[in-house]
Amino acid sequence: MTGGLTPEDIKALLAKPEKKPRGKKKGPDTSVRDIQTWLALAPQSRDMNREQPDLRCENPNCVDPRPPKISALDGSEIKHHFCVQIDNIYICRYCFLDGYLLNDPNQLSLTSDG
Ligand SMILES: [Zn+2]
């Protein structure tokens, strides 16, 4: 025997099931930030979601350039009608496409210290 592997070792190695990369989450891959993924996430509006009547983008540094609307209910500002939920946080399309909540160091480095 010259190698370190016994026939039993080789059998054990061959018997191991192949590990295929498989996402844990169901549904679309939210790390892909394009409009197809956005639509696949079925964005909800505050008007149609009674469980989330105050649905709005939860990014404190929201990048949506549109001016906020004023809620008729409580006078608060509403920036967005359509949001998707990522990691239990609702974000708007602008923040979604901008890569908010994306665990990508390249995206995180874009923030400025302004
Ligand atoms: Zn936003």
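**Exercise 1. Contacts along the chain**

Task: Find what share of the contacts with a separation of 6 or more comes from residues 24 or more positions apart.

Solution. Start with the contacts in the chain that have a separation of 6 or more. Residues 24 or more positions apart account for 51% of them. Keep in mind that this is a predicted model. Now take two examples of residue pairs. I35 and R93 are 58 residues apart along the chain, and their C-alpha atoms are separated by 8.4 Å. I91 and R56 are 35 residues apart, with C-alpha atoms separated by 7.0 Å.

**Exercise 2. Elements in order**

Task: Count the helices and strands, then write their pattern along the sequence.

Solution. First, the count: the chain has 4 helices and 5 strands. Next, the order: reading along the sequence gives α-α-β-β-β-β-β-α-α. Finally, place one residue in this pattern. I35 belongs to helix α2, which covers residues 35-40.

**Exercise 3. Building the sheet**

Task: Work out the strand order of the open sheet and name its edge strands.

Solution. Step one: the open sheet holds 3 strands, in the order β1-β4-β5. The pairing is antiparallel. Step two: look at the edges. They are β1 (44-45) and β5 (89-92), and each pairs on one side only. Step three: count bridges. β1 and β4 run antiparallel and are joined by 2 bridges. One position to check is S45, which stands opposite F82 in β4. Strand β4 spans residues 82-86, and 4 bridges join it to β5. These two strands also run antiparallel. Here, I86 has I89 in β5 as its bridge partner.

**Exercise 4. The turn of the hairpin**

Task: Which residues in the loop between β4 and β5 have a positive phi, and are they buried or exposed?

Solution. Begin with the hairpin. β4 and β5 form it, with 2 residues between them. D87 lies in the loop between these strands. Its phi is near 50 degrees, which is positive, and D87 is not glycine. N88 lies in the loop between β4 and β5 as well. The phi of N88 is near 65 degrees, again positive in a residue other than glycine. Compare this with the general rule: most residues other than glycine have a negative phi.

Now decide on burial. The cut-off for exposed is 12 or fewer C-beta neighbours within 10 Å. D87 has 9 such neighbours inside 10 Å, so D87 counts as exposed. N88 has 6, so N88 counts as exposed.

**Exercise 5. Buried or exposed?**

Task: Decide whether I35 and I91 are buried or exposed.

Solution. Take I35 in helix α2. There are 10 C-beta neighbours inside 10 Å, so I35 counts as exposed. Take I91 in strand β5. The cut-off for buried is 20 or more. I91 has 25 C-beta neighbours inside 10 Å, so I91 counts as buried. For the chain as a whole, buried residues make up 12% of the 114 residues.

**Exercise 6. The nonpolar core**

Task: List the residues of the largest nonpolar core and find which element gives the largest share.

Solution. List the residues. The core has 10 in all: L55, C57, C83, V84, Y90, I91, C92, C95, F96 and Y100. Sort them by element. β4, β5 and α3 (93-98) are the elements that give two or more residues. The largest share comes from β5, with 3 residues. There is a general background to this: in soluble globular proteins, nonpolar side chains tend to be buried together.

Next, trace contacts, leaving out residues up to four places away in sequence. I91 touches C57, E58, N59, C83, V84, I86, F96, Y100 and L101. F96 is in contact with R33, W38, V84 and I91. To finish, find the link: F96 appears among the contacts of I91, and I91 appears among those of F96.

Note on methods
Residues are numbered from 1 along each chain as its sequence is written. This is a predicted model: local features need pLDDT of at least 70, side-chain atom pairs count only at pLDDT 80 or more; totals for chains, interfaces and linings use all residues. Two strands pair if DSSP finds at least two bridges between them. Two residues are in contact if their C-beta atoms, placed from the backbone, lie within 7 Å. A nonpolar core is a set of buried Ala, Val, Leu, Ile, Met, Phe, Trp, Tyr and Cys residues joined through C-beta atoms within 7 Å.
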